[in-house]
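Work through the exercises below with the structure open beside you, and try each task before reading its solution.

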Amino acid sequence: MSMNAQRKQIYSKVFDVNVQTKAIFNLDDSAVIIEPSDDDKVHLDYAIVFDRFSMMEIDSLISKMKIEATLQNNQISLKTNNVLKSHEYFTYNGTGSFYVDNLFKSKKGNKKDSIFHKLKDSIQREIREKYKEKPLDSLGSWFKVKEENGAIKSLKELGGVKVVKGQFVIKIPSFVKLTINAKTAYITFAGEIKNELSVSLKRGKLSAQQLINEYNQINIDDAGFEVEVIKNGEYTLNNISKGLIGSIYNAQITSEFSKIEIGEIAKGVSITDFNSEYWFYNWTPNFNRFNMYSEYSKINLFYPDSKKYSLSTFGFNTKHHFKNVIGEIGPNKKGGKSKMMIVGDEKTAKNKIKMDIIHGVIRFGKDVISIPRS
Amino acid sequence: MKQDIKEVLNGFEETNKELPAAHRTEFLEKLQGAEKPMSKPENFYYFIKIAATIVLFVSVGYLALNSFNKSDPIIVETPIEKQLKDIEMQYLKHIDAEWQNFVALATDENLIKRFEQKLNDLDAGYQEITVKFKQDKNNILIIESLVENLQTRLRLLKDIQEHIHLLNQKSEQHENITI
């Protein structure tokens, strides 16, 4: 944004609430920041900063936005549409043609031969740094114009991208039960969120610092998911392309088709999965018991520091990678599951990792996990 | 309904009837007859007829204008729409090829069904985003969502094939492993 950028307050509203108040947010194509309120009020504020847009263009943009908030029968209803934190619009009046560079190249780059251990703090730092990330920084790299003289330029180079930055901040007291139904939404929970949450998000991203209510029900589908601290609750995570969890305590995850890194696993965690890839980096000294039930999953597991643990795998048709050995245990004589691998003494161990897995791949390591290539 | 005017005219047969020699005199006589002053009630009906005609013309005009506005708009494809259509076609071709490879490789019917369901869900999501794109063609977020959806389908199919290859890799067979 240049020095000439202008700020415009679009919406502002305050509601008095009490312990009986419930809130329902329906967010469509919207981005919101939700944080704890200092008083017994719900505050809604949306402002935008824009540059190089005419007032007519801004009015046209605002006319597409919808924010409706009401308080009736002690229930706050918020409906938003097209309220994003960043609108990047392109205009191109040249005669060149659009083309996408490296269309089929994976964004993740080449496959790695090793996976290195990460600390819980480094995962949490990674999540915090992503707060600052502009949602479309990657776009300029593949969205380009081929000019008539053959020159290939990004839209940003041609000055064809205009940006409107907005911020919708919602402050809510911790005693208000909050339900969110969202599609293509970017939801950020800032600070320690004690509210009882029921969230259903399809496309977009959920970022949070701390989600700690024991009745939390979080369902995420085809979206990003990055939470520094999870305490309690039930999580359904479907098709999360890069999930990051700093630490998790007393929570259940049901997942499929996802890629999720977990910085630290504490007491009372269990995961049921279909065809995801997980990275388990660290374990608290008293994680007690960790259960995983999975099918067609890939698990990268770094051993706990403490020697007082046991690790057992139960199932069949699963590759076990440890050091440079790949071991496989077939089905038992009846064609069913059987104990496949045991590390430590299950009877005396204070902490137990139990994996029920079929058609899976489990890789173990201490500081680094090597991935043998076929 | 649109029709080519040439085709419509083809249906007509020209009647080469000649006008009678006295047609001019007959026309003038009829015209003089029409110029006769009208009685009062006739005058009243005359104005009613004019008013009705005006109402009719205004109504027809309004309906015609409305139906013109509501008729199929002329759809002009923008460069980005053409580009996206190309991208979509390329991706769908790749996705279909990877699907065929996956089905040939997988032996687990349940696995195939789960993937079929997942791809259908993603396709339904793509259709939802396409509706948004039609409303807002210059919003980069929407364009990125469309491309990401296609990339996800391709990634899922490639990943599961890699997983099956890993499972099929030769390895040491054990009854169980104890460390």
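**Exercise 1. Find which ring B:Arg153 lies over, and then do likewise for B:Arg114.**

Solution. In this predicted model, B:Arg153 is placed over the face of B:Tyr126, at 5.3 Å from the ring centre. Turning next to B:Arg114, one finds this residue over the face of A:Phe274, where the distance from the ring centre is 3.8 Å. The ring of A:Phe274 also belongs to a cluster linked by ring pairs, whose other members are A:Phe257, A:Tyr296, B:Trp99, B:Phe102 and B:Phe115.

**Exercise 2. Compare the length of helix H6 of chain B with the span expected for its residues, and decide how far the helix is enclosed.**

Solution. Begin with the 29 residues of the helix, numbered 140–168, which at 1.5 Å a residue should span 42 Å. The C-alpha atoms at the two ends are 42 Å apart, and this agrees with the expected value. For the second part, note that 23 of the 29 residues are buried, so H6(B) is largely enclosed by the rest of the structure.

**Exercise 3. Classify the aromatic pair formed by A:Phe280 and A:Phe290, and then the pair of A:Trp283 and A:Phe287.**

Solution. The whole structure contains 14 aromatic pairs over all chains. In one of them, A:Phe280 and A:Phe290 are 5.2 Å apart from centre to centre, with 75° between the planes, and the pair is edge-to-face. A:Phe280 lies in strand E21 of chain A and A:Phe290 in strand E22 of chain A, 10 residues apart. Because its relative accessibility is 0%, A:Phe280 counts as buried, and A:Phe290, also at 0%, counts as buried. For A:Trp283 and A:Phe287, the ring centres are 4.9 Å apart and the planes stand at 45°, so this pair is tilted. Both A:Trp283 and A:Phe287 are buried.

**Exercise 4. Determine what the salt bridge between B:Glu128 and A:Arg203 joins, and what the one between A:Glu277 and A:Arg363 ties together.**

Solution. There are 29 salt bridges over all chains, among them that of B:Glu128 with A:Arg203, at 3.0 Å from N to O. Since B:Glu128 sits in helix H5 of chain B and A:Arg203 in strand E14 of chain A, the pair joins two chains. B:Glu128 is partly exposed, at 29% relative accessible area, whereas A:Arg203, at 7%, is buried. A:Glu277 and A:Arg363 meet at 3.6 Å, N to O. These residues lie in strands E21 and E29 of chain A, so their salt bridge ties together parts that are 86 residues apart in sequence. Finally, salt bridges with shared partners join A:Glu277 and A:Arg363 with A:Lys259, B:Arg155 and B:Asp159 into one network.

Terms used. Residues are numbered from 1 along each chain as its sequence is written. Chains are lettered from A and ligands numbered from 1 in the order in which they are written. This is a predicted model: local features need pLDDT of at least 70, side-chain atom pairs count only at pLDDT 80 or more; totals for chains, interfaces and linings use all residues. Side-chain values use heavy atoms; hydrogens and water are left out. Helices (H or I, at least four residues) and strands (E, at least two) are DSSP runs, numbered from the N terminus. The expected span of a helix is 1.5 Å times one less than its number of residues. Buried means under 20% relative accessible area, exposed over 50%, partly exposed in between (1.4 Å probe, protein chains only). Rings of Phe, Tyr and Trp (its six-membered ring) pair if their centres lie within 6.5 Å; planes under 30 degrees apart count as stacked, over 60 as edge-to-face and the rest as tilted. A charge sits over a ring if NZ of Lys or CZ of Arg is within 6 Å of the ring centre and within 35 degrees of the ring normal. A salt bridge is a side-chain nitrogen of Lys or Arg within 4 Å of a carboxyl oxygen of Asp or Glu.
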